[in-house]
Amino acid sequence: MDNIKNYVQQNKERFINELIELLKIPSVSADSAYAQDVINTADAVKTSLEKAGCTFVEICETPGYPIVFGEHIIDKNLPTVLVYGHYDVQPPDPIDLWTSPPFEPVIKTTEIHPEGAIFARGACDDKGQMYMHVKAFEYMIQSNSLPCNVKFMIEGEEEVGSKSLGWFVERNQEKLSCDVILISDTGMISNQQPSITTGLRGLSYVEVEVTGPNRDLHSGLYGGAVANPINVLTKMIASLHDENNHITIPGFYDKVEELSAAERAEMAKAPFSLDKYKQALDIADIYGETGYVTNERNSIRPTLDVNGIWGGYTGEGAKTVIASKAYAKISMRLVPNQDWEEITELFKNHFESIAPKAVKVKVTPHHGGQGYVTPIDSIGYKAANKAYTETFGVQAIPVRSGGSIPIVALFEKELKSKTILMGFGLDSDAIHSPNEHFGVFNYLKGIETIPLFYKYFVELSK
């Protein structure tokens, strides 16, 4: 334990500087304008794995962005850990809300991170957390303490639904064979209380288009006589929730898992301050589905949210126009047993059915994935808990996350391996938002903790 602590302290500045260089590359997978930057980031990840000590590293071409694969095989009779991460990032928009440029990383102190946090797009999600594994591996190689085989699979399409990952996994099952999959793309309760994510929500993401007249119209000459697609779209969206914030799509809740009172009571043991939650978000009150508390609404219940809506004139000044078209992007977070393709079809059928005849509606599915729950009695979970307990001084608490990592269910199906989600980010790290950041403490603590997972996983596997 002292050895890894010393190694981290001796190499602290280098670890931070290497991550900063990686964060400078704007690897936005959702925007084709950044295509070369995404590819450049894959090359940078490949180089980092080679320098860390992988005996084999390659850039694997896919129908989309490449996957970086690396491995270090000690003995085929020993267990194998497969590390998954992603090198692509969310779009930085809206740029004007950033306090510093999203791809010019800076370290700033905050109330939660008095020792500093790295502010940049991708700092926490997921370049910083992915790079912890590279540096933890580097330590194990340098100290000759790697107790088992390790493989890395770092992709570039996670933020757009991992479109090519399924294609790659299905064709490379032997290459990716492993005993456990290790991912750091989640968070923990606090810097004093670690937690292990044991459940993820699934996802269905769609775009809707409402078309009225065949061109934009003068709102004085045509207003009141022709359907306004923006008005219609907003009414349709509003109807998707009832007065209890229950989703109104027929069949939407048919397969929703209802947790027992005992399970909900166990969840309630996790430390949570509603006042601090509201204060951190600068909101006067919470809002959500009737009958459930905040930590249930954002983890064990499905949701439907508008992620973007546009149409008509949004420039400076006035333009009296009825737009021909209106658009919205909508995501639905799903719980285990809800099939994302089935939910997408239910949404499409319902949304088309509630449209007035005066408009045409088009629903375009984008991507999705299934929810996932991992058991807390597995060797992988126990190893992660022992690792956290050693570095933080307290046992980790199992929690269910409101986020989605659709490939986790895919891994279980194709590779027959359980996934352990060892996250080191915090809810306050503003992932997907302006001013995303990752605490220096969290980054270095991850590097310190991960080698212990390997140690205990091998010990418990004997």
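Q: What volume does the largest cavity have, and how do you know that it makes the count?
A: In this predicted model, the largest cavity has a volume of about 50 Å³. The count takes cavities of 30 Å³ or more, and one cavity turns up that way.

Q: What makes this space a cavity and not a pocket?
A: It comes down to getting out: a 1.4 Å probe fits in a cavity but cannot leave, whereas a pocket is open. Look at the residues lining the largest cavity: G251, F252, D254, K255, N337, Q338, D339, E342, I343 and L346.

Q: How many residues of each class are in that lining?
A: There are four charged, three polar and three nonpolar residues. D254, K255, D339 and E342 are the charged ones, because Asp, Glu and Lys belong to that class. Watch out for G251: Gly is put with the polar residues.

Q: What is the volume of the second largest pocket, and which residues lie nearest its centre?
A: The second largest pocket holds about 410 Å³ of space. Its lining has 18 residues, with W340, G368, G369, P406 and L410 nearest the centre. Two or more lining residues come from each of α5 (165–171), α11, β14 and α13 (407–415). Helix α13 gives the most, with five residues. By class, the lining of this pocket has seven polar, six charged and five nonpolar residues.

Q: Why are α1 and α2 called oblique to each other?
A: Helix α1 (residues 2–10) and helix α2 (residues 12–23) pack at about 60 degrees, and their axes are 4 Å apart. Roughly parallel needs an angle under 35 degrees, and roughly perpendicular covers 65 to 115. An angle of about 60 fits neither of those, nor the over-145 class, so the pair is oblique. The contact uses Y7, V8, Q9 and Q10 from α1, plus K12, R14 and F15 from α2. Sort these by class and you get three nonpolar, two polar and two charged.

Q: Why do α3 and α4 get the label roughly parallel?
A: Check the angle again: helix α3 (residues 35–52) and helix α4 (residues 127–142) pack at about 20 degrees, with axes 9 Å apart. The cut-off is under 35 degrees, so these two count as roughly parallel. On the α3 side, T41, V45, S48, L49 and A52 make the contact. From α4 come K127, M130, Y131, V134, F137, E138 and I141. Eight residues of this contact are nonpolar, two are polar and two are charged.

Q: How do you know that β11 and β13 pair?
A: Pairing needs at least two bridges, and eight join β11 to β13 (residues 325–334), so they pair. These strands run antiparallel. One place to look is I309, which stands opposite A328 in β13. Both strands belong to an open sheet of four, in the order β11-β13-β9-β14.

Q: What makes β11 and β14 edge strands?
A: β11 (303–311) and β14 (360–369) each pair on one side only. Neighbouring strands in this sheet are turned by 15 degrees on average, ignoring direction.

Q: Which helices lie on this sheet, and at what angles?
A: Helix α7 (residues 229–238) lies across β9 (202–211), β11, β13 and β14, at about 15 degrees to β13. Helix α11 (residues 340–353) touches β9, β11, β13 and β14 too, and its direction makes about 165 degrees with that of β14. Over 145 counts as roughly antiparallel, so α11 and β14 fall in that class.

Q: Why is one side of β4 and of β18 left without a neighbour in the sheet?
A: The order of this open, antiparallel sheet is β4-β5-β18. β4 (106–108) and β18 (437–439) are at the edges with a single partner each, so each has a side with no neighbour in the sheet. The twist from strand to strand averages 30 degrees. Three bridges join β5 (residues 117–119) to β18, and I118 stands opposite F438. Helix α2 lies across β4 and β5, at about 20 degrees to β5.

Q: Where are the cis peptide bonds of P94 and D126?
A: D93 and P94 are joined by a cis bond with omega about -5 degrees, and P94 sits in the loop between β3 (80–86) and β4. The bond from D125 to D126 is cis as well, with omega near 0 degrees; D126 is in the loop between β5 and α4.

Note on methods:
Residues numbered from 1 in each chain as written. Predicted model: local features only at pLDDT ≥ 70, side-chain atom pairs only at ≥ 80, totals over all residues. Heavy atoms only, no water. Axes fitted to C-alpha atoms, helices over the stretch in contact; angles between N-to-C directions. Contact = heavy atoms within 4.5 Å. 1 Å grid on protein atoms, 1.4 Å probe; cavity = no way out; pocket = protein on both sides within 12 Å on 5 of 7 lines; lining within 4 Å. Points joined across faces, edges and corners; volume = space filled by probe spheres on them.
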